[in-house]
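Here is a short tour of a protein chain for your bench notes. Have the sequence and the structure open as you read.

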Amino acid sequence: MALAAIFVFLLVCAVHVLESMLDLAKKRGSVSDEQVKLRVAITQLLKESSALSTPSTFAQAAKLKRLAAAKEKELAKLQQSDIKGKQSLHEKYGKVLKATKVLVYGLLVLSFWSAPVATVPNHLLQPFGRMFSWKGVDAATGRVVVSIIKV
């Protein structure tokens with residue numbers, strides 16, 4: 001029984017860790033190499049345009065600013081497409097994880113349906129003893145037997 005309790009604990013912890021990792025990946029997101037290159041190019045163009053601040057270089061500075069704005073729009077489109085793809089992937093993995101949780105918890109309930117989950121002294125369950133044990137008392141020790149369903 002002790003080995004089964006450890007197994008159940010590790011199984012529930014594994015499912016919980018997977019769910020936490022999925023939530024963290026959904027919140028954090030990742031940046032692709034193309035996005036990094038676009039950001040570097042935008043900052044470089046804006047630096048060059050700010051360096052060209054004299055009246056004789058105004059046309060070149062305006063051209064660089066328009067080019068930077070176009071690259072910013074391209075970056076926004078790229079980020080939007082990445083977000084949509086990641087959301088659908090996270091939704092898919094979330095549904096698979098939820099189905100796995102339902103299956104695992106259902107199997108755990110079925111495997112421990114009539115087996116005692118715990119035996120505790122009678123005084124610890126004083127106000128709620130009958131609700132947890134359904135009048136199940138271990139004859140050898142006199143302790144209350146707590147189970148999912150007492151058959």
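## A walk through the helices

Let us begin in the second helix: S49 sits in helix α2, which covers residues 33-51. Please keep in mind that this is a predicted model. Is S49 buried or exposed? Its relative accessibility is 4%, so S49 counts as buried. Setting aside neighbours within four places in sequence, S49 is in contact with A61, L64 and K65. Of these partners, A61 and L64 are among the buried residues of α3.

Now step back to the whole chain. The protein chain has four helices and two strands, and from the N terminus on these elements run α-α-α-β-α-β. Buried residues make up 18% of its 151 residues. The accessible surface comes to about 11500 Å², with 66% of that belonging to carbon and sulfur atoms. If you look at contacts between residues at least 6 apart in sequence, 67% of them join residues at least 24 apart.

Helix α3 deserves a visit of its own. How far apart are its end C-alpha atoms? Helix α3 takes in 54 residues (58-111), and at 1.5 Å a residue it should span 80 Å; the ends are 77 Å apart, which agrees. Buried positions in α3 include A68, L75, L78, H90, L97, V104 and L108. As a general reminder, an α-helix has 3.6 residues a turn, so residues three or four places apart point the same way.

Helix α3 also takes part in a charged pairing. In general, side chains of opposite charge can pair when their charged atoms come close. A search of the whole structure finds one salt bridge, and it is made by the side chains of E19 and K101, at 3.1 Å from N to O. This pair links distant parts of the chain, since E19 belongs to helix α1 (residues 2-28) and K101 to helix α3, 82 residues apart.

Y105 is also in helix α3. Leaving out residues up to four places away in sequence, Y105 touches V12 and V15. The C-alpha atoms of Y105 and L11 are separated by 9.6 Å, although these residues are 94 residues apart along the chain.

Towards the other end of the chain, V146 is found in strand β2, residues 144-147. Its C-alpha atom is 6.0 Å from that of T119, and the two are 27 residues apart in sequence.

The table brings together the accessibility of residues met along the way.

| Residue | Relative accessible area | Class |
|---|---|---|
| S49 | 4% | buried |
| V146 | 18% | buried |
| K101 | 21% | partly exposed |
| E19 | 28% | partly exposed |
| Y105 | 35% | partly exposed |

V146 counts as buried because the cut-off is under 20% relative accessible area, and its own value is 18%.

Finally, look at the surface. Which residues make the nonpolar surface patch of about 510 Å²? The patch is formed by L103, L107, V109, L110 and W113, and L107 lies in helix α3. An unreviewed UniProt entry places a "transmembrane region" at residues 102-125. In the model, residues 102-125 are 42% helix and 21% strand, and the end C-alpha atoms of this stretch are 29 Å apart.

Methods
Residues numbered from 1 in each chain as written. Predicted model: local features only at pLDDT ≥ 70, side-chain atom pairs only at ≥ 80, totals over all residues. Heavy atoms only, no water. Expected span 1.5 Å × (residues − 1). Buried < 20%, exposed > 50% of the residue type's maximum accessible area, 1.4 Å probe, protein only. Contact = heavy atoms within 4.5 Å. Patch = residues over 30% accessible without salt bridge, like charges linked within 9 Å, V, L, I, M, F, W, Y side chains within 5 Å. Areas by Shrake-Rupley, 256 points an atom, 1.4 Å probe, with all protein chains shown as cover. Salt bridge = Lys/Arg side-chain N within 4 Å of Asp/Glu carboxyl O. UniProt positions renumbered as here; feature names shortened; annotations may be inferred.
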